[in-house]
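Reader: I would love a close look at one part of this model, with the rest of the chain as background. Could you walk me through it?

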Amino acid sequence: MTWTWLPEFNATMNAASAVLVSTGYLFIRRGRVAAHRACMIAALSASTLFLAGYLTHHARIGSMPFRGTGAVRTVYFSILLTHTILAVVILPLVGITVVRAARGRFDAHARIARVTLPLWLYVSVTGVVVYWMLYQARFS
């Protein structure tokens, strides 16, 4: 089996997660709790699928070297560094946020969600940017 489809799949899951987290936020701001819950569960599912795909890709294929040079190389590694650090930070934050909601501790859930949401969005969006810079953009 070839695994060449995984980077595109992973970027798609990151993009889906960003859209779902944003939509879930809009739903809760409008008081649509059930729609918010559905979006956030779907976002969590998309992020979990991303993580499984990412780990599989790196176990089977390894890392893709960045081919850009000059200033774009600095931009790429700056994005990658912040993305990687926040990807590690976001895992427990998402877990805590979900557990608080599941236990009905909505005040505590809302407090941590104010931190979790922008970080989750940043990680999801920069994941797509990293994919684009590695696999789609042509730097010469």
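Author: Gladly! Let us begin with Ile41, which counts as exposed because its relative accessibility is 51%; exposed means over 50% relative accessible area, buried under 20%, and partly exposed in between, with a 1.4 Å probe and protein chains only. Ile41 sits in helix H2, residues 33-60. Its C-alpha atom is 9.9 Å from that of Ser17, and the two residues are 24 apart along the chain.

A word on the basis: this is a predicted model, where local features need pLDDT of at least 70 and side-chain atom pairs count only at pLDDT 80 or more, while totals for chains, interfaces and linings use all residues. Residues are numbered from 1 along each chain as its sequence is written, and side-chain values use heavy atoms, leaving out hydrogens and water.

Now for the setting of that helix. The protein chain has four helices and zero strands, so named from DSSP runs (H or I of at least four residues for helices, E of at least two for strands) numbered from the N terminus. The C-alpha trace spans about 50 × 35 × 25 Å along its principal axes, and 33% of the 140 residues count as buried.

His109, in helix H4, is one to set beside Ile41: His109 counts as buried because its relative accessibility is 16%. Its side chain reaches the backbone oxygen of Thr97 at 2.8 Å. Arg103, in turn, lies in the loop between helix H3 (71-102) and helix H4 (106-136), and counts as exposed at 64% relative accessibility.

Technical notes:
Polar contact = N/O pair within 3.5 Å; in protein donor to acceptor, adjacent residues only side chain to side chain.
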